[in-house]
Every structure is written in C-alpha cells, then in structure tokens.
Amino acid sequence: MKSFKIACFSLSIIALPLLSCNGNNNSKNESDSDAMSTTDSTVITELAVDYSAGDQTFKSYAAYKEGGENLPVVLVVPEWWGVNDYTRSRVKQLAELGYFAMAVDMYGDGKTADDPATAGELATPFYKDAQLARKHFEAALEKAKSFNQVDSSKIAAIGYCFGGSMVLNMARLGLDLKGVVSFHGGLNGGLTPAQKGSIKAALLVLHGEADSMVPEEEVKAFKKEMDEAEVNYKFIGYPGAKHAFTNPNATAVGQKHNIDVAYDETADKASWEELVSFLSSVF
C-alpha cells in the first residue's frame, strides 16, 4: 500500500446553530430548513441540508442568493474538523458571489472534532480508501444537483487542508467537475495518482511555501505528476505562509495544540482573489 500523509489542521471548533424555519425553499428538497440573511442588500438563503447514501446519513449546509436560478455549484470540502463555522462562512461567501454553495459532510451525521486525535481518527479512512472518499463526495454532489436553483452542468469543488487533498483526489479519479481548488491541502496522490487523460477538471493549487506539513519534496512530486499527466493546472505558492493560512483562528489553534499552523492575512486575501478569478474562468 502506498503511503499517505495527513495534512489538515485548522480553524474554529464550535459550530453556531443555523437560523432555520419550516417552509418551502423553492427546491426539490422541501424538507430542508431555510433561513434568510441580508448582506450588502442581497438576501441569502441558508439551508440545513440532510441527505443519504445507502445506510449512511449526512448533515450539511448550503447557501445561495434568493431568487437565483441556473446557478453554478461550488462544493466545499472542509478541513479535518468537519463542517463547522469556518466552513459555513466560506459557503456563504461563495453564495454572495452568485454561486449555489454547499459543504460536503465527509464523515457523515454531521460529525465534527475539537482535537487533533479525534480529527485524525475521522480523516484517516479517507486517505486510505479513495473509493470511500468518492462515495461520500458523490453523495453530496448528487444532493446539490437535486436543487431547482442549480445548473448541474457547472460544478466545481474546493477544499481546505484535508478537504484540499480530497478534492484533488476527486479530480484524479476523473469526476466530471469544471474545476478543483485546493487551499493548503496535502498534494500526495496516495492511492490515486493522476494518469494522462484521467483528470477532466482544471486545477488550482494554493500553497503556503512555509507549510511544514506539505514539504518541498511533495510539491515537486505533485508538479511532476501533473506535468507527466498533461493536466491543466495552476500552482501558486505564498512566501512565508504556513499550513491553514486562510483561517483567522489557525494561529490560536496551533498554539493550543502545538502544531505548526498560522493565519496569514496577505495569503488569505490573495488566494481568495485567485479563487474568484478561477471560478469565473471555468464557468
């Protein structure tokens, strides 16, 4: 079995409850609860989303601009803490840009972790078993496609830390995605190295050059893998940025758990601008 690397530290731990109310959300999923908030005079509908695959249940979160239709979809795979406040904040930011955004509950049942040991236990099976990761990702993908508001021909996926590794592996597995973006994710292909013609998505990799969890050797191996497979990819390194550089709470989390992660405001803002430009281009 090929080796795999867990690189997925970050963010805030405690999930804020969603504001929700019963009623029709104008989608095919009338059982999902919804709420509305106003940002810059734009009404955003927020959804607590339940779905299933076989005997596994999932609990997630989606958001979109009220009244939108034929919206491109952006799936957000969280870091190894699971779907929490930080993940939801990114989903809502994407909704404000005009996308139907939905978090991917990789673990099922909305499980989250508040310490590295628990997070590692939850994440490890998905590094070892690419098909398990694919099954859980595709469950979210099919759920997102079921909403009336979306254009199911326009789907991209982004991921943070653990999530970055997962979305890159979904691309390696050949999923029909327009684009895939990794923020400070692990780059080791593990069980699913890219093959020529296997990747359909355009790739954007946003990497901290001071990320001790994704060393230079791994970066070089990733670039070699992509070049040999003739993949359409863009790789951006941010000088001085460490692992989890997009999360404002990363520095405190690193100090608490004695792990080498830290927030970098410059890299955070620059990488988000790259994401915005990338999504516009692939859609």
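Me: How do you know that the end C-alpha atoms of helix α5 (residues 216–228) agree with the expected span?
Reply: The expected span is 1.5 Å times one less than the number of residues. For the 13 residues of α5 that should give 18 Å, and the end C-alpha atoms are 18 Å apart, so the two agree. Helices here are DSSP runs of H or I with at least four residues, strands are runs of E with at least two, and both are numbered from the N terminus. This is a predicted model, in which local features need pLDDT of at least 70, side-chain atom pairs count only at pLDDT 80 or more, and totals for chains, interfaces and linings use all residues. Residues are numbered from 1 along each chain as its sequence is written, and side-chain values use heavy atoms, with hydrogens and water left out.

Me: Which residues of α5 are buried, and what makes them line one face?
Reply: Glu218, Val219, Phe222, Glu225 and Met226 are buried (under 20% relative accessible area; exposed is over 50%, partly exposed in between, with a 1.4 Å probe and protein chains only). Seen down the axis of α5, the buried residues fall within an arc of 130°, so they line one face. That arc is taken from the directions from the helix axis to the C-beta atoms. On the other side, Glu217, Lys220 and Glu228 are exposed.

Me: What do the buried residues of α5 pack against?
Reply: They pack against α4 (162–172), β8 (202–208) and β9 (233–238). Contact means heavy atoms within 4.5 Å.

Me: Why is strand β6 (residues 150–160) called largely enclosed?
Reply: Eight of its 11 residues are buried, so the rest of the structure largely encloses β6.

Me: How do you know that β6 pairs with β4 and with β7?
Reply: Pairing takes at least two bridges found by DSSP. Strand β4 (residues 71–77) and β6 have six, in the parallel sense. β6 and strand β7 (residues 179–183) have five, also parallel. In β7, Ser182 is the bridge partner of Gly159.

Me: What makes the crossover from β6 through α4 to β7 right-handed?
Reply: With the strands pointing away from the viewer, a right-handed path from the first strand over the helix to the second runs clockwise. This β-α-β crossover is right-handed.

Me: Why is Asn84 said to cap helix α1?
Reply: A side-chain oxygen of Asn84 lies 3.3 Å from the backbone nitrogen of Tyr86, at the N-terminal end of α1. A polar contact is a pair of N or O atoms within 3.5 Å; within protein, one must be able to donate a hydrogen and the other to accept it, and residues adjacent in sequence count only if both atoms are side-chain atoms.
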